Amino acid sequence: MKRILSLILLGTVLLSISSCKDDKKSDNIITSKPEKEVIPTDTLAMTTIAPEARTVTWGEGSYTISVKRYADESLPIAIDESGRKYYDNKIDLKISRADGSVFMDKTFQKTDFNRFLDDNTKENGALLGLPFVEVEGNNLVFSASVGSPNEMSDEFVPMKVKISRMGDIHIELDNDLDTTNDNAAPNPQTNEDDGV
């Protein structure tokens with residue numbers, strides 16, 4: 001009996017010692033597998049920018065400038081960094097005199113800016129915008145951009161479009177912006193008229 005009591009006592013002591021011991025921690029981390037981003041198969045369209053008339057004094061007269069951006073399904077498809085497809089855009093620029101006569105009515109496409117674009121932007125980029133910036137001497141100055149069609153992206157090539165009082169259009173890279181595309185094709189002839 002003494003032997004049984006000593007075995008029970010020894011078992012109780014061993015059990016209490018092992019229960020005071022820290023549980024062994026596992027190095028296994030259980031997590032769920034991240035879901036793969038689903039890229040829409042439908043072709044998307046960037047937001048249409050409705051024409052908003054803006055009146056400026058240019059030379060001796062008053063002019064109204066209207067710029068409208070819209071997706072055009074007849075143009076080649078643009079593709080963003082994630083592989084999403086977008087319709088490329090056209091931009092209608094209309095400049096009218098105070099008497100209502102039209103000084104300029106032109107539709108711009110990405111191809112109007114090709115000489116300033118690298119191959120990837122030519123193939124996958126979209127025409128993003130052409131907002132009016134200022135009157136600079138005898139020119140109306142607009143800020144054009146071509147780049148990723150994803151409106152959250154900051155990948156684009158900035159350019160200036162200058163329209164003279166004679167209706168000539170001059171396009172050049174806009175080196176004043178600090179958000180430039182490092183992949184843009186350098187162009188040593190940025191001071192020449194494009195004759196768009």
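Before I read out the fold, one definition: helices and strands here are runs assigned by DSSP, with at least four residues for a helix and at least two for a strand, and they are numbered from the N terminus. With that in hand, the pattern along the sequence is α-β-β-β-β-β-β-α-β-β-β-β-β. That comes to two helices and eleven strands. Please keep in mind that this is a predicted model.

Some overall figures. The protein has 196 residues, and 35% of them count as buried. If we take the contacts with a separation of 6 or more, 48% are between residues 24 or more positions apart.

Let me start with one pair of strands. Strand 5 covers residues 89–97 and strand 6 covers residues 102–108; the two pair in the antiparallel sense, over six bridges. As one example of the register, Asp-92 in strand 5 stands opposite Thr-107 in strand 6. The two strands form a hairpin with four residues between them, and in that turn Gly-100 has a positive phi of about 95°.

Next, the interior. In soluble globular proteins, nonpolar side chains tend to be buried together. Here the largest nonpolar core has 28 residues, and those touching the most other members are Leu-93, Ile-95, Phe-142, Met-159 and Val-161. Which elements give two or more residues to this core? They are strands 1, 2, 5, 6, 9, 10 and 11. A second core, separate from that one, has six residues, including Tyr-86, Ala-126, Leu-128 and Phe-156.

Ile-95 shows what such a core residue touches. Beyond four places in sequence, its contacts include Tyr-63, Val-102, Phe-103, Leu-140, Phe-142 and Ile-163.

Now a charged residue. Lys-160 sits in strand 10, residues 156–164. Is Lys-160 buried or exposed? Its relative accessibility is 17%, and buried means under 20%, so Lys-160 counts as buried. Again leaving out residues up to four places away, Lys-160 touches Val-141 and Phe-142, and also His-170, Ile-171, Glu-172, Leu-173, Asp-174 and Asp-176.

Two loop residues are worth a look, since the 3D view brings together parts that are apart in the sequence. Gly-167 is in the loop between strand 10 and strand 11. It counts as partly exposed because its relative accessibility is 25%. Phe-103 is 64 residues away from Gly-167 in sequence, yet their C-alpha atoms are 7.6 Å apart. Apart from neighbours within four places, Gly-167 is in contact with Phe-103 and Met-104.

The other is Leu-44, in the loop between helix 1 and strand 1. At 28% relative accessibility, Leu-44 is partly exposed as well. Its C-alpha atom is 6.3 Å from that of Tyr-87, with their positions 43 residues apart along the chain. Outside its own neighbours within four places, Leu-44 is in contact with Arg-84, Lys-85, Tyr-86 and Tyr-87.

Last, empty space. The largest pocket holds about 290 Å³. Its lining has 17 residues, and those closest to the centre are Glu-52, Val-67, Leu-130, Pro-131 and Phe-132. Where does the lining come from? Strand 2 and strand 7 each supply at least two residues, and strand 2 gives the most, with five. By class, the lining has eleven nonpolar, two polar and four charged residues.

Note on methods
Residues are numbered from 1 along each chain as its sequence is written. This is a predicted model: local features need pLDDT of at least 70, side-chain atom pairs count only at pLDDT 80 or more; totals for chains, interfaces and linings use all residues. Side-chain values use heavy atoms; hydrogens and water are left out. Buried means under 20% relative accessible area, exposed over 50%, partly exposed in between (1.4 Å probe, protein chains only). Contact means heavy atoms within 4.5 Å. Two strands pair if DSSP finds at least two bridges between them. A nonpolar core is a set of buried Ala, Val, Leu, Ile, Met, Phe, Trp, Tyr and Cys residues joined through side-chain atoms within 4.5 Å. On a 1 Å grid over the protein atoms alone, a cavity is a set of points where a 1.4 Å probe fits but cannot get out, and a pocket is an open set with protein on both sides within 12 Å along at least five of seven lines; lining residues have an atom within 4 Å of a point. Grid points are joined across faces, edges and corners, and a volume is the space filled by probe spheres set on the points. Ala, Val, Leu, Ile, Met, Phe, Trp, Tyr, Cys and Pro count as nonpolar, Asp, Glu, Lys and Arg as charged, and the others, Gly among them, as polar.
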